[in-house]
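Student: Hi! Could we go through this one together? I have a few quick questions.
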Amino acid sequence: MEHTIRVHNSLSREKEQFIPLKPPFVGMYLCGPTVYGDAHLGHARPAITFDLLTRYLRHKGYKVRFVRNITDVGHLENDADEGEDKIEKKAKLEQLEPMEIAQHYTWAYETNMAMLNVLPPSIEPRASGHIIEQIELIKKIIDAGFAYIVEGSVYFDIEKYSKHHHYGILSGRVLEELQAGAGTRTLEGQDKKRNRADFALWKNASPEHIMRWPSPWGDGFPGWHIECSAMSAKYLGEEFDIHGGGMDLLFPHHECEIAQSVAGNGKQPAKYWVHNNMLTINGQKMGKSLGNFITLDELFSGSRKEVLNQAYTPMTIRFFTLQAHYRSTLDFSNAALKAAEKGLARLMQAYAELDKIKPGSVSTIDLKPWIAACYEAMDDDFNSAILIAELFEAATWINKLNSSEETITAEDLELLKKTYRTFVSDILGLEADISETGDKIDGLMELIIELRKRSRENKDFQTSDKIRDGLETLGFVIKDGKDGAEWSAK
């Protein structure tokens, strides 16, 4: 297989030729959500980004096993070794079992992802279902001499690890700086550590802690980082091709994953580390504390009137995300979403107009350079922004072909249709908005029912029955009542 794709590797900080470990197979792991609240814009960007990578790699002939985990235990409030488990805290507030919280928000997340036309992963493992694998990996790290036990908790020994390996290889962090920074405040349980920069592999559960499992070190629960190391190794092997996630996970989460895998398995887990950049709202980082936190359901319904001018469809959100290259900052605003809405409408209108083009005897448009440019954009670190610009160019051609300003042969027309639809639908994952289509169907049915009503008033029962029977054949049922006719889909 020809290796033409280049990908920016956070590990080398350079673009590299993408060569899988075992072509044509590609193993890709994405850190999924911690399921204690509704999915938001910050969840949408990595999901859409790595959906794009999956779609394009499969289009190029690779057999992709895409693993996206669900974190349903072990992620503490402050992303460190302090505070409550995020899911357990929510469960206490709601007076529910933690797994009820996890199940509810997992389902909500998956529903939102389906609305965004994000393909389901090949495997979606849950952290709570892989406690045994995590314990086994922790044992290997202890046996290798890179972890220690204190009162039922197990901590990773960063200082000892750094004598043999490079902690900071991904993030560029320096151990001495981490040690100095960690010493500026005292955190719960930090006095148990040999070094304040050490992180927990396993936490001893206090008597009131609900989520707990037996282990060789006593009842407890896993640390946040160990989960992904164990699950990625189980389903993709100790070495795999791509590890993805948001830039905010690069440190400490992904740095710790590398250290754990090297300490326990003796090797780097992923060949390529790929990170999407941050999402801002009107130039500010999105966050609950700033009051600019927007969930996907709020976007789709337009319910946050103080932030949103209107509701935005899932396809508008997807197109808005893909308009920027995944490594660039994406700034959310109503003006940006309105522009995305118009851009999406233009692409999808051209998509619909393709079938109206009549072929001619000659082609006045040269498709080869355009097709090459589309592939070049995606081969160059999956640059969806440049691809969309090329598709806008094709949309202009489609309009000119329909107005006879340009002509195209039947053979070239089929090539244009296939290429345009492949990139818009199969690779970018864009489709006509269901809500928009639904509004049109509603309006059309109201018009048809009105025409049928007039036929009945004019005693033209033959036409009235023909309308009813024709709609029924198409899957629509009309019921006549004292207040008029109503329709429904079968």
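Student: How many nonpolar, polar and charged residues are there in the lining of the second largest cavity?
Tutor: Happy to help, and keep in mind that this is a predicted model. The lining of that cavity has 6 nonpolar and 3 polar residues, and no charged ones.

Student: Which residues are they?
Tutor: The second largest cavity is lined by T49, L52, L53, T321, L322, A324, Y326, F382 and S384. Two elements, α1 and α10 (314-322), give two or more residues to this lining. The largest share comes from α1, with 3 residues.

Student: What volume does the second largest cavity have?
Tutor: About 60 Å³.

Student: And how many cavities does a search of the whole structure find?
Tutor: The search finds 3 cavities of 30 Å³ or more.

Student: OK, pockets now. What is the volume of the largest pocket?
Tutor: The largest pocket has a volume of about 1,300 Å³. Its lining counts 46 residues, and those closest to the centre are Y36, H40, H43, K86 and D248.

Student: Which helices supply at least two residues of that lining?
Tutor: Helices α1 (41-59), α2 (86-94), α3 (98-115), α7 (224-236) and α8 (250-265) each do. Among the contributors to the pocket lining, α1 gives the most, namely 6 residues.

Student: So α1 turns up in both linings. How do the residues lining the largest pocket divide into nonpolar, polar and charged?
Tutor: Yes, α1 gives residues to the pocket lining and to the lining of the second largest cavity. For the pocket, the split is 20 nonpolar, 15 polar and 11 charged.

Student: Changing topic to strands. What is the strand order in the open sheet of 4 strands?
Tutor: The order is β5-β6-β7-β8, and the pairing is antiparallel. The edges are β5 (147-150) and β8, each of which pairs on one side only. On average, neighbouring strands of this sheet are turned by 20° against each other, ignoring direction.

Student: What packs on that sheet?
Tutor: Helix α4 (residues 131-143) does, touching β5, β6, β7 and β8. The direction of α4 makes about 120° with that of β7.

Student: Can you walk me across the sheet? Over how many bridges do β5 and β6 pair?
Tutor: Sure! β5 and β6 pair over 4 bridges, and A147 has F156 in β6 as its bridge partner. Next, strand β6 (residues 153-156) pairs with β7 over 3 bridges, with V154 standing opposite W202 in β7. Finally, β7 and strand β8 (residues 220-222) pair over 3 bridges, and K203 has F221 in β8 as its bridge partner.

Student: Why is β7 described as largely enclosed by the rest of the structure?
Tutor: Because 5 of the 6 residues of strand β7 (residues 199-204) are buried.

Student: Last one, S261. Where does it lie, and does it count as buried or exposed?
Tutor: S261 lies in helix α8. Its relative accessibility is 4%, so S261 counts as buried, the cut-off being under 20%.

Student: What does S261 touch, leaving out residues up to four places away in sequence?
Tutor: S261 touches S229, G266, K267 and P269.

Student: And how far apart are S261 and L52 in sequence and in space?
Tutor: S261 and L52 are 209 residues apart in sequence and 27 Å apart in space, taken C-alpha to C-alpha. You have met L52 already, as one of the residues lining the second largest cavity.

Key
Residues are numbered from 1 along each chain as its sequence is written. This is a predicted model: local features need pLDDT of at least 70, side-chain atom pairs count only at pLDDT 80 or more; totals for chains, interfaces and linings use all residues. Side-chain values use heavy atoms; hydrogens and water are left out. Buried means under 20% relative accessible area, exposed over 50%, partly exposed in between (1.4 Å probe, protein chains only). Two strands pair if DSSP finds at least two bridges between them. On a 1 Å grid over the protein atoms alone, a cavity is a set of points where a 1.4 Å probe fits but cannot get out, and a pocket is an open set with protein on both sides within 12 Å along at least five of seven lines; lining residues have an atom within 4 Å of a point. Grid points are joined across faces, edges and corners, and a volume is the space filled by probe spheres set on the points. Ala, Val, Leu, Ile, Met, Phe, Trp, Tyr, Cys and Pro count as nonpolar, Asp, Glu, Lys and Arg as charged, and the others, Gly among them, as polar. Axes are lines fitted to C-alpha atoms, for helices over the stretch in contact, and angles run from 0 to 180 degrees between N-to-C directions. Contact means heavy atoms within 4.5 Å.
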